[in-house]
Amino acid sequence: MNKLDNFKAGFIKENPVFALYLGLCSVLAISTTLNNAVGMGVAVIIVLTVSNVIISAIRKVTPSEIRIPVYIVVIATLVKIVEMLIQAYATDLYGTLGIFIPLIVVNCIILGRAEAFASKNNMLDSLIDGIGMGLGYTFGLIILSATRQILATGILNFSNPFTSEMMFEVRLIPADYVISLFSTPAGAFLTFAMIAGALEAYKSKASKKVKEVK
Amino acid sequence: MAELFTLFITAVLINNIVLTRFLGLCPFMGVSRKTSSALGMGGAVTFVIFGASMFTYALYHLVLNKYGLQYMDLITFILVIASFVQFTEMIIKKYSPALYKSLGVFLPLITTNCAVLYVALDNIKQGFDLIETIVYSLAVPIGFTLVLYLFSAIRERLDLSDVPAPFKGNAIAMVVAAIMALAFGGLAGLV
């Protein structure tokens, strides 16, 4: 697989959220607004990329029996750094994401990529994989959050996380027609199921087409 | 006593960790195909959450807090949890090889079960004392086991039904989870 394919795989075919079902906890819990999604996505991209590079760099000196504890310590340290930075510079975001920032440590995507990819590949490939998978995760998160936010409130908006200044706001559905179910936990599961089903239908259609051409 | 009971009911039913906090979803999706493995997983998770919470509680109050090292919480907690899971795995392997086989890869993955770290962190964050910590760290995994068991029973039935092709597998399970979340939402007025 060349580098570009490697990068693209994370978006649709191997989208960590909808196709591989990784990192579901944080995805469902914080996907209520676009702001949360972007903040969480950026935090995960940073942790995933840096941890992939570090783990790839130390892969030859790590004894394989204790590799998981080693990875976990690397990841936990990075997450703590990111958590402290968010707390210091983006207080509002820290307030809404709350306990889900430290829980990035146990996000399966990060340990999963460390074990499946970074421990076997060189630093450059691991860097690309980290960014690609991180963007795929963020992409999935944004789609889910935007859908839920539009259906539940009718508004799509985004504010600068550092200054809390509103950057844009559009009303897509009149206030009388919104369905508040979608901001509840049940709505999260339901939206997720619909998107995952749609993606699966799209994929099987695409593979049928490939077969017909052949 | 009444407060402790409220804490217990809230953690088991109202703020159920899986359906309202979305934690521990990986084993929830992964080992919920059979009721027997769901119960085994529930037992293992209960043991790990309770044990790890006791350890981290002691560690935080006797060591980290005393020496002003609160920022090390995440790193020390995750190491405690990882060792505890390893320990549980050894016990299960020794005493119940059949359960060990049916849980498979999900057993070591309890380390990355967000529920475990969540309970450890939440005990500290909410400022619980020892008794409250004990109640809370038993109530949360009981809620987890309850929902996991109910869910696996529904899934066993689901295997026999005719599901639209794109929804087969995890997508339909998510729809079931949504309906369960709605049902549990009805319990919100209980306390």
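Buried means under 20% relative accessible area. The model treated in these exercises is predicted.

**Exercise 1.** State how many salt bridges a search of the whole structure finds over all chains.

*Solution.* The search returns four.

**Exercise 2.** Determine which parts of chain A are tied together by the salt bridge of E115(A) and R67(A).

*Solution.*
1. The contact itself is between the two side chains, with N to O at 2.8 Å.
2. E115(A) belongs to helix α6 (residues 108-118), and R67(A) belongs to helix α4 (residues 67-89), so the bridge ties together parts that are 48 residues apart in sequence.
3. For accessibility, E115(A) is partly exposed at 26%, and R67(A) is partly exposed at 27%.

**Exercise 3.** Work out which residues are linked with K80(A) in a network of salt bridges.

*Solution.*
1. Start with the partner in chain A: K80(A) and E83(A) form a salt bridge, their closest N and O atoms being 3.4 Å apart.
2. Place this pair in the sequence: both residues lie in helix α4 of chain A, three residues apart, a separation of about one helical turn.
3. Take the partner in chain B: K80(A) also forms a salt bridge with D73(B), where the closest N and O atoms are 3.1 Å apart.
4. D73(B) sits in helix α4 (residues 73-95) of chain B, while K80(A) is in helix α4 of chain A, so this pair joins two chains.
5. Combine the steps: K80(A), E83(A) and D73(B) form a linked network.

**Exercise 4.** Decide whether K80(A) and D73(B) are buried or exposed.

*Solution.*
1. The cut-off for buried is under 20% relative accessible area.
2. K80(A) and D73(B) are both buried.
3. E83(A), the partner of K80(A) in chain A, is buried too.

How values were computed. Residues numbered from 1 in each chain as written. Chains lettered and ligands numbered in written order. Predicted model: local features only at pLDDT ≥ 70, side-chain atom pairs only at ≥ 80, totals over all residues. Heavy atoms only, no water. Helix = DSSP H or I, 4+ residues; strand = E, 2+ residues; numbered from the N terminus. Buried < 20%, exposed > 50% of the residue type's maximum accessible area, 1.4 Å probe, protein only.
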